[in-house]
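Here are my notes on the structure you sent, set out as numbered points. I have begun with a single loop residue and then moved on to the cores, the enclosed space and the open pocket.

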Amino acid sequence: MFKNNRIVIGLLCIMLAFVVIACQEKTVDPYVEEEESSLITVGFSQPGAESAWRVALTDSVKENFTEERGYKLIYKDGRSKQDNQIKDIRTFIQQGVDYIIISPIVETGWDTVLSEAKEAGIPVIICDRNVTVSNESLYTAFVGSDFKAEGDYAITNLEILLAENGKADEPVNIVHIQGTLGSSAQLGRTKALEDAIETHDNWNIVYQDCGEFTKAKGREIMSNALKEVGAGNIDVVYCENDEEAFGAIAAMNEAGVRYGAEGGIKVVSFDAMNSALTMCMAGQISIEVECNPLQGPYIYNLINHLEKEKVVPKITYIHEECFTSDMLDVDFIASRKF
Ligand code: AHR
């Protein structure tokens with residue numbers, strides 16, 4: 001009797017093990033297609049990672065397009081070359097993504113690849129910098145900065161600063177460190193300065209070169225300007241982003257040249273990253289124009305609207321401000337995200 005009970009229990013255990021294994025195994029029917037992932041796929045093409053600002057933009061997009069929110073983001077870094085960005089976009093098209101986001105390194109040269117995306121029926125959102133194309137229908141929407149407006153902010157504040165320093169009518173010699181040539185950020189900020197040169201007879205550009213939006217180039221250009229023009233003949237250095245301003249300041253420190261509120265060369269910069277705002281608060285940078293990298297939420301809302309088949313605005317300019325030291329304190333800077 002006792003022996004029979006042990007046999008029955010043993011058989012029951014074996015049967016239970018079969019049931020458990022059967023439940024765990026996924027039956028695959030080769031004639032039935034696997035269920036597709038319900039995630040919406042988004043390809044994001046960045047031009048590179050030349051600045052802390054750009055890393056902040058990448059993070060902002062990544063934070064918004066998460067799997068928890070129903071998205072799969074494919075990120076590609078173009079390593080500072082338009083050709084690489086074009087290849088990345090073609091890869092997105094081949095992969096059949098649902099949306100493409102592009103931050104274009106320069107404004108022109110996108111017609112062909114955007115036509116390919118359009119033919120494939122993939123909506124394209126341009127962010128940060130804009131494109132110049134033969135037909136606006138090649139992209140769905142733009143979200144980013146109004147770079148000419150940023151430049152105009154800088155110029156208005158420079159006029160005020162020079163007037164406060166009694167230099168409204170004296171010669172003003174400017175070193176101009178440009179960003180990546182042909183990018184919207186460079187074109188808009190440069191245009192604002194060129195317009196100001198036209199309207200101010202006493203303003204002159206005494207040295208100009210392209211700093212590629214990097215600290216290393218900014219440093220090299222300012223160092224060359226100091227050697228060729230001389231610190232005594234420079235009143236302002238107009239840097240087209242914070243990295244270039246950090247480089248220009250490093251060159252002035254190296255050469256023992258005075259700059260900022262305490263006299264000497266005035267530094268104008270764009271981006272207003274927190275590290276630069278701290279220097280602005282301390283008077284080292286005189287004018288900081290914000291370029292807002294927190295564009296992820298705007299792009300996320302746009303794509304959500306498109307998913308619901310709602311009409312979206314063609315152009316969305318993101319809110320940006322201009323700062324001088326009197327407007328800044330530690331708490332304000334700490335409250336900012338970039
Ligand atoms: O397009 C925005 C500009 O690009 C930012 O000013 C700069 O820091 C970045 O690299």
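**Notes on the predicted model**

1. Asp98 has a relative accessibility of 34%, and because buried means under 20% and exposed over 50%, this residue counts as partly exposed. Please keep in mind here and below that the model is predicted. Asp98 sits in the loop that runs between α3 (82-95) and β3 (99-102). Once its neighbours within four places in sequence are set aside, Asp98 is in contact with Leu39, Ile40, Thr41, Ile122 and Pro123. Tyr71 lies 27 residues from Asp98 in sequence, and the two C-alpha atoms are 10.0 Å apart in space.

2. For the chain as a whole, the secondary structure comes to 11 helices and 12 strands, and buried residues make up 51% of the 338 residues. Among the contacts with a separation of 6 or more, 73% are between residues 24 or more positions apart.

3. The largest nonpolar core has 30 residues, and the members that touch the most others are Met222, Val237, Met252 and Ile265. Two or more residues of this core come from each of β6 (172-178), α7 (215-229), β8 (236-239), α8 and α9, with α8 giving the largest share, 6 residues. A second, separate core holds 27 residues, including Phe44, Val61, Phe65 and Val143.

4. Which residues surround Ile265, leaving aside its neighbours within four places in sequence? Its contacts include Met222, Val237 and Met252, which are named with Ile265 as the members touching the most others in the largest nonpolar core. The remaining contacts of Ile265 are Leu226, Ala231, Ile234, Asp235, Val236, Val257, Arg258, Tyr259 and Gly260.

5. Helix α9 (residues 274-281) deserves a separate look. Its buried residues are Asn274, Ala276, Leu277, Met279 and Cys280, and what covers them includes α8 (242-255), β10 (287-290), β12 (322-323) and α11 (330-335). After α9 comes Gly283, which has a positive phi, near 85°.

6. The structure holds 1 cavity of 30 Å³ or more, and the volume of the largest cavity is about 90 Å³. Its lining consists of 13 residues, and those nearest the centre are Trp53, Arg54, Arg129, Arg189 and Asp271. By class, the lining of this cavity divides into 5 nonpolar, 2 polar and 6 charged residues. At least two lining residues are supplied by each of α2 (52-64) and α6 (184-199).

7. Why is the largest cavity placed between domain 1 and domain 2? Domain 1 (39-144 + 293-307) and domain 2 (147-291 + 324-335) both contribute residues to its lining, and the cavity therefore lies between them.

8. The largest pocket should be considered separately from the cavity. The volume of this pocket is about 230 Å³, and 14 residues line it, with Leu161, Glu164, Ser286, Thr324 and Asp326 nearest its centre. Helix α5 (residues 147-164) gives the largest share of the pocket lining, 4 residues. The residues lining the pocket divide into 5 nonpolar, 6 polar and 3 charged.

Note on methods:
Residues numbered from 1 in each chain as written. Predicted model: local features only at pLDDT ≥ 70, side-chain atom pairs only at ≥ 80, totals over all residues. Heavy atoms only, no water. 1 Å grid on protein atoms, 1.4 Å probe; cavity = no way out; pocket = protein on both sides within 12 Å on 5 of 7 lines; lining within 4 Å. Points joined across faces, edges and corners; volume = space filled by probe spheres on them. Nonpolar A, V, L, I, M, F, W, Y, C, P; charged D, E, K, R; others polar. Domains from an automatic or database assignment. Buried < 20%, exposed > 50% of the residue type's maximum accessible area, 1.4 Å probe, protein only. Contact = heavy atoms within 4.5 Å. Core = buried A, V, L, I, M, F, W, Y, C linked by side-chain atoms within 4.5 Å.
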